[in-house]
Amino acid sequence: MAGFSRLGESWAEMGSALAGLMFMYAMFQQYMPTWILSYVESLTEKLLDYFNTNVQITFPEFSGDRMNKRSRLYLAIEIYLSGLASAHARRLKADMSKKSKTPVLSMDDHEEVTDEFQGVKVRWVSSKKENRRPSISLYNSEPDETRFYKLVFHRNERDKFTTSYLRHVMEKAKEMSARNRQRKLYTNNSGDDYSPWSSVLFEHPASFETLAMDPSKKREIMNDLKAFSSSKDYYAKIGKAWKRGYLLYGPPGTGKSTMIACIANYLGYDVYDLELTAVKNNSQLRELMMETSSKSVIVIEDIDCSLNLTGQRRKKSPKRDEEDHPVKEKEDEDKEVSKVTLSGLLNTIDGLWSGCGSEKIIVFTTNHLEDLDPALIRRGRMDNHIEMSYCSFEAFKVLAKNYLDTESHVLFDDVKALLNEVDMTPADVAENLIPKCGEDDADTCLKNLVEALQEARGEAVDEVKDVKAEPNKLQEIARMKQKVMKKLMSKLKRKHKKRN
């Protein structure tokens with residue numbers, strides 16, 4: 001019993017000593033200047049490192065001057081470690097994304113997992129540090145807590161883990177991100193918000209399989225897109241920015257917007273819908289383009305209507321007289337709304353600034369190709385010109401398959417003959433194929449389409465008749481004018497004779 005008593009007293013004395021040390025350490029942290037604390041921590045780490053055979057690399061969550069922007073390297077490591085964490089970590093954090101039906105697991109703070117690379121084991125540690133004195137700077141506000149990952153490996157394996165392994169982590173993270181990421185549709189903010197883009201999930205269901213277009217033309221576009229997405233080394237070899245321009249032109253309702261969705265879904269890219277009228281000047285346009293990510297489709301729809309970018313270099317300034325003041329005032333009002341110029345747009349999409357970022361597709365759409373400045377749509381800038389034309393019979397068969405689940409019908413021949421005579425957009429054809437009520441079947445919908453095509457043909461014939469009859473009407477009016485002039489001349493002659 002005496003032995004147990006002495007042992008208890010020894011534990012009590014040790015506990016009291018430890019409590020005293022902890023109290024002194026807390027007081028030391030509270031009242032010592034920051035530079036002394038930093039020096040003591042540094043000295044302690046150096047002492048421990050002297051006896052340590054491991055190398056440690058720290059990857060902070062925030063890096064660089066902008067402390068409110070998360071490090072891309074940290075995010076890549078977080079994605080890579082998510083699989084290891086769910087399989088091996090003891091303490092996990094769970095999060096639920098909008099599309100995921102199951103929680104997404106990741107390492108909790110101060111947790112570690114082991115990975116193996118080329119037969120050598122390595123440790124990953126998730127850590128967190130509280131900042132004692134957060135910065136109050138408006139532009140460089142440091143968060144209250146800083147999270148970071150630590151990579152720990154034996155010093156004999158330094159070369160392997162500082163080069164090959166980190167490259168392996170980045171590549172695997174990129175693959176995982178491509179498989180699991182939620183693609184987004186962005187639009188530029190017109191206000192003075194911190195972020196120049198706002199976004200929603202991109203969930204458009206369009207695909208080349210359901211696009212109403214000639215199959216051979218679709219294959220050409222798909223092959224072109226596939227070749228572009230795998231041509232990183234080729235673009236570097238020829239010294240060009242890894243981007244490609246597409247010009248979609250044709251009448252309204254021919255599927256230009258649907259084509260954009262098909263391109264984005266086929267490549268798995270995000271979409272940036274750029275509204276030029278909301279951009280104040282060329283500098284803001286450059287900032288917007290710099291904030292777009294790789295693997296994206298940048299769209300400017302109805303480029304001929306977005307801004308007065310057609311033929312600006314050929315226009316002359318109005319005369320400075322009183323009659324032209326209203327025109328001048330109107331131009332000043334337009335400039336206050338947007339000062340983006342044709343040269344500014346060209347330099348942004350195809351000048352030095354186009355090299356910022358990679359793997360981007362720039363799409364222009366227009367209903368009036370003839371109105372655009374040739375410099376805007378030349379080859380090399382808009383590399384692929386795609387005409388979105390009226391509905392052909394091959395496009396009709398795609399629509400019939402989509403809307404009616406029908407690949408052949410007795411009315412197909414009538415539709416084919418009428419489509420050869422009448423111009424009707426795929427949107428109008430699709431509208432006639434949609435069942436108007438639950439009882440409508442394929443027969444009813446196809447009959448509706450045939451009737452609509454026949455009606456359109458009749459209207460076209462009437463217009464042709466009116467055009468043909470127009471010269472006769474003009475000739476009749478000319479003859480009437482001649483008769484009136486002859487009568488007037490005869491009256492004048494008679495009056496002249498009477499006076500004489």
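Two strands count as paired if DSSP finds at least two bridges between them. Keep that in mind as you move through this structure, which is a predicted model.

**Stop one: a hairpin**

Select residues 111-117, strand β4, together with residues 120-130, strand β5. Seven bridges join these strands, which run antiparallel. For one of the links, click on Asp 115 in β4: its bridge partner in β5 is Val 122. The two strands form a hairpin with two residues between them. In that turn, look at Gln 118, whose phi is positive, at about 55°.

Now show the side chains of β4. Which of them point to the buried face? Glu 111, Val 113, Asp 115 and Phe 117 do, and they are buried. Glu 112, Thr 114 and Glu 116 point to the other face and are not buried.

**Stop two: an open sheet**

Next, colour the seven strands that form an open sheet, in the order β8-β7-β10-β11-β12-β9-β13. The pairing here is mixed. At the edges you will find β8 (197-201) and β13 (384-387), each of which pairs on one side only. On average, neighbouring strands of this sheet are turned by 20° against each other, direction ignored.

Zoom in on β7 (residues 184-188) and β10 (residues 270-273). These strands run parallel and are joined by three bridges. Select Leu 185 and you can pick out its bridge partner in β10, Val 271.

**Stop three: two helices**

Move on to helix α13 (residues 393-404) and helix α15 (residues 426-433). Their axes come within 10 Å and cross at roughly 35°, and the crossing is right-handed. To see the contact, show Phe 396, Leu 399, Ala 400, Tyr 403 and Leu 404 of α13, along with Pro 426, Val 429, Ala 430 and Leu 433 of α15. The residues of this contact divide into nine nonpolar, no polar and no charged.

**Stop four: two loop residues**

Go to Ser 71, in the loop between β1 and α3 (72-88). Is Ser 71 buried or exposed? Ser 71 is buried, because its relative accessible area is 11%, and the cut-off for buried is under 20%. Leaving aside residues up to four places away in sequence, Ser 71 touches Pro 60, Glu 61, Phe 62 and Ser 63.

Finish at Asn 52, in the loop between α2 (34-50) and β1 (54-60). Asn 52 is partly exposed, with a relative accessible area of 32%. Add Arg 155 to your selection: it lies 103 residues from Asn 52 along the chain, yet their C-alpha atoms are separated by 9.4 Å.

Notes:
Residues numbered from 1 in each chain as written. Predicted model: local features only at pLDDT ≥ 70, side-chain atom pairs only at ≥ 80, totals over all residues. Heavy atoms only, no water. Helix = DSSP H or I, 4+ residues; strand = E, 2+ residues; numbered from the N terminus. Buried < 20%, exposed > 50% of the residue type's maximum accessible area, 1.4 Å probe, protein only. Axes fitted to C-alpha atoms, helices over the stretch in contact; angles between N-to-C directions. Contact = heavy atoms within 4.5 Å. Left-handed = near helix turned anticlockwise from the far one by under 90°. Nonpolar A, V, L, I, M, F, W, Y, C, P; charged D, E, K, R; others polar.
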